[in-house]
Amino acid sequence: MARMVPSVLDRELFNVTRLIEMGYDDASTDSLPLILQGARARTALGDSKVGHELSSIRAVSTRVSKTSAPELAAKVSSPARAKAAGVTKVWLDTEVKAASLDANLTEIGAPQVWEAGLSGEGIDIAVLDSGIDTKHPDLTTKVKAEANFTQEETAADTNGHGTRVASILAGTGAVANGARKGVAHGAQLLSAKVLDQFGSGTLSSLIEGMEWAVAQGADIVNVSAGAAAGQNDPAAQALEALAADSNVLFVAAVGNVPGAMNVLSPGTAPSALTVGGTSGNASSGPVPYTFLAKPEISAPDSDIIGAKMGGGLGGYYEAGWGSSMAAPQVAGAAALLMEQHPDWTWQRIKTALTTTANGPANHSPNNHGAGVLDLPGATTETLQVSDATVNFGYQYYPEPTPVSRDIALTNTGDTTQMLTFSDRAGNLQGKTAPDDMVTVSRETMTLQPGVTEHVTVTLTPSKGDPGVYTGLVTLNRTGLDAINLPMSFYIEPPRSEVHVKALDRNGDPWAGGAVVMGNLSDLHPVLGGGYTTLHLDENGEGRARMVPGRISITAAVTTPATDGAPETMSLAGSTEVLAESDTSFTIDARNARRLHPPRVAGAERTDVASAVIYFMQHDETELGYVGHLIVPTPEEVEDGRLFLQPTSTVKGSRTGFETRWRLLGDTADRLRQADVYDLVLGSGATIPDPPVFNVSREEVRKLARIEADYRHFAGERGAHQQARYVVASKWIAYGVGVEHPLQVPQRRVELVTAREDLFWIETVTTPLPGRARLYSLDLVYRPGETYTPVWFQAPTPSVSAQHTGHSFMPSIGFSDGVHSGKVWSERDVENNEPLRVFRNGEELSSSTGSYYVPPEPAVFRIEHASHPDTEALPFARHTRTAWTFLSAGPTDPNEWASSPKILRIDYRPNTDAFGKLRAGQPLKINARLLAARDVGDEPTLKQGEIQLWVSTDHGVRWHKATVTRAPDDSFTAVVPGLQLRSGNAVSVRAKATAPEKLGIDQELIDAYFVR
């Protein structure tokens, strides 16, 4: 019988341990469930009862009594007997169990509430995110309506974040047999797409989404997105207005920006139920400017499994991290409470969830709010609390009088509750507040059923030092869980009030303007007051409370068009105003001087294609700066509509000014010295008087000369985009890029400012739907030297990776050898197959794209295959690549990850500017072996060995090329006798190795076409 295992008899029939676990042992049952596969399986069963026909696999199910099992065994005891019986395989009908629930669901107590009959049925929840994949099996029946508030053409999910959030909230868990259903799996969804394929959106789209959700009749709105909070910013204002006019609960993620007072908007709004994460890695409260206690509650936020956009190949689920994964769990909990109590207001729902949260062992109200979501507690609690938090807010200097907050407590149960009260508070630096700074009016309370009583919490600011304080007021109850009320307040230290007035170039008040103000000693003191953006009123005036000292006060003042004169912009103000006490200052745009376009010696005429004006003023700590970034249109500069006020040197404050230009040569000038000028002018510590920046003949000779060859890769001629910009210089620590239309194919001369402190980035991008972007990063051009880059010549898939102390994260991109990049398409044009990743020969597994590995050095192998959309990405019709390399985690404790060097082949076939080979010419492929670490990393030339094959019949037959090495370590491959004919598609296969265990094995089917 043993020789029949496993060819005819399933191994599991003899796995005694598993048989006992499944209850198939003799003590548990007198029969055995089987599946018989074969043409005459039914006949072989004899008198045994057939359970079901399984026609898809030509089989039947049955239960065979153990007394008749020997008869069946005899029929399959040898291959000949099994064949005669018409049975090809006997399988144990193995027990199948529903998959276990994900840990976060049990942690918040969802199963107990579901068992009580709650599912969120009848509740509509709006998801403001990147859209929802309505074709995912877990979500096919969930979305009632959808709307698109992005610039993309579809309301469907193009990022994946929204689909994951939606399934955590209300997915059916269909693919996982219900194990991964949402917290409120009975609820219906409204999908408002406010984030694009890159996970980005705007405040206006977020506001539109909130308004639409309320108009659609949403009961709950989940916002797992946010922006850095401004003072009473529009998104927070909109949420407050909508919450006041409707019975809609807004649930918002706190954000994932480390550090205190980094709550994202609209989670800053008082009415929002703001959700943090249990890991402690999410943003922390309190809210900047208002000092409200946020988040109010937390939920699990690590390795949260949700639906994967697209599903299918690569799995239907993926893990997510952060407060955006915690928020939908709380929104789902709110839906369950609404189903249970349809008469409750959103305010009571919010308070009930917060006051029943469980305080974790490492409870920090800044991170966790009242504690971790507790669904069983929320659905059974009988103590109603009037407020979820105790907020004292901003207490202004000089020290104010004591302030109190009243809390009403109502016993809605049928038993008496015994309460004691306590409080704790401390500042953000960890110092505990004095005992008498915050006091509670009562020590104990006996609360009878149906009775409401009050307790008062009082803050006496004079009892403590200035600063930001957070803490908890705790209601301890005999025999019941304690209730935590998060508390927050800010006691302002000494301040100077600065009254600012701004006038435009007509001398009129600049109504509604914004003024940038910064203390030059320290822009970011611990207790604030070092920096603000002051919003002026309708009279062009405003008041700011600043740390006393030297203040920079500047603004980009807009003067409206009047009497035929165009609108103008003026950078004006003062780089130093002394404000040791209350003071006033007036910004007058009439003090600014016109900025003229640069003139270049030797060029008859140039036109402005773009200009960027930078002004940056550092404080004495060198940790902060204030300033302005102005990106005018070419017409604004050419027409004289931009003005700059000259400045003087400020002691103790490093100031930087710089203008960066793209100028176009006159196409009518046949003797023009360049087609394009990328210039950095006026670099220094002050804005000169007048602000005029010209380029002399001597300076022209010091410009770097770029003789660029831009090849056509995809899309229509001329549809590419190109940008070259400085990412950092001695004077300005950042840069922005402006993309310009690029006619391709094209060869042109570009003159570029060359200084050792200028770090340039260049990008070239193909049009949609491919949108493939190649990068060249951190280029430092040498004065007077000539460079000859070639872009988009024979690009191929490439890979980069990050190796941390516990994970390995590969990322597929593409490269033309020297340049590398990514595809930023709105749809999948790469059609990548799932990666296979090996470490020291052992294949690794992952459902998220991140592989758990130790930091020790090892040999890795990544195997990749793709079927690109050749209209959008004409790499090849099919690609297959395997990379071999050494990788290890970072050795420097200050580094988060290291990136291994990975080999690539720089193919240089004798193609034309459109990437085509010419019929009748011999095929010649030049190649170099390069190694790079990441996108934009400058590749290094590697010595090594390469073999190369060519096919003209789509990879059916391969011709080995003759490869010769040149003295510069490049290679030339030719195939003697190979004739290229018009219409041929040339495929390439290459194998290469280099020192340090680097290797690449690549196959490109139909890579180059013959004209």
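This report describes one buried residue and several salt bridges in a predicted model.

## The surroundings of Asp 504

Asp 504 is placed in the loop that runs between strand S25 (496–503) and strand S26 (514–519). The relative accessible area of Asp 504 is 2%. Asp 504 therefore counts as buried, since the term applies to values under 20%.

Several residues are in contact with Asp 504, even when its neighbours within four places in sequence are set aside. Among them are Val 557, Thr 558, Thr 559 and Pro 560. Asp 588, Ala 589 and Arg 590 are also in contact with Asp 504. Thr 439 offers another point of reference: Thr 439 and Asp 504 are 65 residues apart in sequence, and their C-alpha atoms are 51 Å apart in space.

## Salt bridges between buried residues

The whole structure contains 49 salt bridges. One of them joins the side chains of Arg 662 and Asp 678, with an N to O distance of 2.8 Å. This pair links distant parts of the chain, 16 residues apart: Arg 662 belongs to strand S36 (residues 655–665), and Asp 678 to strand S37 (residues 676–684).

Both partners are shielded according to their accessibility values: Arg 662 is buried, at a relative accessible area of 4%, and Asp 678 is buried, at 2%.

## A salt bridge between a strand and a loop

A further salt bridge is formed by the side chains of Arg 773 and Glu 739, at 3.2 Å from N to O. Arg 773 lies in strand S43 (residues 772–779), while Glu 739 lies in the loop between strand S39 (720–728) and strand S40 (740–742), so this salt bridge ties together parts of the chain that are 34 residues apart in sequence.

The two partners fall into separate accessibility classes. Arg 773 has a relative accessible area of 17% and is buried, whereas Glu 739 is partly exposed at 31%.

## A partly exposed pair and a network

Glu 843 and Arg 836 also form a salt bridge, in which the closest N and O atoms are 2.8 Å apart. Glu 843 is partly exposed, with a relative accessible area of 40%, and Arg 836 is likewise partly exposed, at 38%.

Salt bridges can also share partners. In this way Arg 662, Asp 678, Arg 724, Arg 748, Glu 750 and Glu 762 are joined into one network. The network thus includes Arg 662 and Asp 678, the pair that meets at 2.8 Å.

Methods
Residues are numbered from 1 along each chain as its sequence is written. This is a predicted model: local features need pLDDT of at least 70, side-chain atom pairs count only at pLDDT 80 or more; totals for chains, interfaces and linings use all residues. Side-chain values use heavy atoms; hydrogens and water are left out. Helices (H or I, at least four residues) and strands (E, at least two) are DSSP runs, numbered from the N terminus. Buried means under 20% relative accessible area, exposed over 50%, partly exposed in between (1.4 Å probe, protein chains only). Contact means heavy atoms within 4.5 Å. A salt bridge is a side-chain nitrogen of Lys or Arg within 4 Å of a carboxyl oxygen of Asp or Glu.
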